[in-house]
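Reader: I should like a close look at a single part of this model, followed outward into its surroundings. Please set out what the coordinates say there, and give the cut-off behind each term.

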Amino acid sequence: MDDIELLKDKAKKIHKKLKVLYPDAECELNFKNPFEVLIATVLSAQCTDKKVNTVTPELFGRFPTPDKMAVAKLEEVERILKSLGLYKNKAKSIVSASRDMVEKFDSSVPETMEELVSLAGVGRKTANCVLVNAFNKPGIMVDTHCIRLSNRIGLSSESKPEKIEVELKSILSKRVWGKFSHRIILHGRRVCFARNPDCHGCTLRKLCDYYKESHNREL
């Protein structure tokens with residue numbers, strides 16, 4: 001069995017265990033439509049989903065569509081987002097992205113990767129989140145948790161999100177891309193912390209390079 005087949009086998013086993021742990025894993029951002037998915041995901045950069053969920057009810061109450069967000073006063077959007085990190089940049093991004101949707105896509109959220117990343121402030125992670133959660137299309141969301149766990153477990157040695165996305169897509173079945181993303185992100189939030197990961201309480205430890213290396217050092 002060559003290296004890629006070994007990685008595919010490992011990835012399949014990892015996802016099988018994650019599926020048992022998080023059978024109903026889904027996006028933890030609150031949303032009702034594709035527009036809200038996109039905006040909430042932009043706001044979630046360097047911020048918890050829980051925190052984003054505290055500001056989006058007022059934000060979407062005031063500006064529920066691309067048309068209304070596109071003509072929003074920046075100062076009003078900033079006021080609503082003030083409790084979030086980087087709120088001024090995020091306010092600019094979501095107003096600009098809304099203008100792009102109005103001008104380029106008939107006031108709707110586009111449904112392809114190429115079109116989504118053409119919007120102001122939208123990168124591949126956000127675009128994949130929209131594809132998966134708004135349109136039920138395949139995509140892998142590579143956030144800080146996915147990067148950390150992919151490296152620790154040994155599914156990828158890359159550090160750049162785009163390269164990790166390519167590698168994960170090459171070893172995972174396309175039909176599980178979205179669910180795998182949600183599950184590995186949840187595992188990063190609940191078990192495999194950035195600092196002091198709960199390795200001994202982790203059901204993935206026998207398949208994890210990080211655990212094997214740290215366990216060998218302890219011995």
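**A buried serine and its surroundings**

Author: S44 is buried, with a relative accessible area of 8%; buried means under 20% relative accessible area, exposed over 50% and partly exposed in between, with a 1.4 Å probe and protein chains only. The model is predicted, so local features need pLDDT of at least 70 and side-chain atom pairs count only at pLDDT 80 or more, while totals for chains, interfaces and linings use all residues. Residues are numbered from 1 along each chain as its sequence is written, and side-chain values use heavy atoms, with hydrogens and water left out.

S44 lies in the loop between α2 and α3; helices are DSSP runs of H or I with at least four residues, strands are runs of E with at least two, and both are numbered from the N terminus. Apart from neighbours within four places in sequence, S44 is in contact with L29, D49, V52, K90 and K125, where contact means heavy atoms within 4.5 Å. Two of these partners, L29 and K125, are also touched by T41, a residue of helix α2. T41 is buried as well, at 2% relative accessible area, and its other contacts, again without residues up to four places away, are T126 and C129.

The nonpolar side chains come next. In soluble globular proteins, nonpolar side chains tend to be buried together. Here the largest nonpolar core has 36 residues, and L38, L59, V77 and L81 have the most contacts inside it. Such a core is a set of buried Ala, Val, Leu, Ile, Met, Phe, Trp, Tyr and Cys residues joined through side-chain atoms within 4.5 Å. Two or more residues of this core come from each of α2 (34-43), α3 (49-62), α5 (74-81), α6 (87-104), α7 (113-116) and α8 (124-135). With 7 residues, α2 gives the most. L81 touches L43, V55, L59, Y87, K90, A91 and I94, residues up to four places away being left out; K90 is thus a partner of L81 and of S44.

A second, separate core of 33 residues includes V132, I140, V142 and C208. I140 is also in contact with W177, whose other partners beyond four places in sequence are P138, G139, L168, K169 and L172. W177 belongs to helix α11 (residues 177-190) and is buried, at 10% relative accessible area.

L168 leads on to a pair of helices, since C146, I147, S150 and N151 in α9 meet P161, I164 and L168 in α10. By class, this contact has 5 nonpolar, 2 polar and no charged residues; Ala, Val, Leu, Ile, Met, Phe, Trp, Tyr, Cys and Pro count as nonpolar, Asp, Glu, Lys and Arg as charged, and the others, Gly among them, as polar.

Two loop residues complete the description. N136, in the loop between α8 and α9, has a positive phi of about 55 degrees although it is not a glycine. N196, in the loop between α11 and α12 (209-218), likewise has a positive phi of about 55 degrees without being a glycine. Most residues other than glycine have a negative phi. N136 counts as exposed at 72% relative accessibility, and N196 counts as exposed at 71%.
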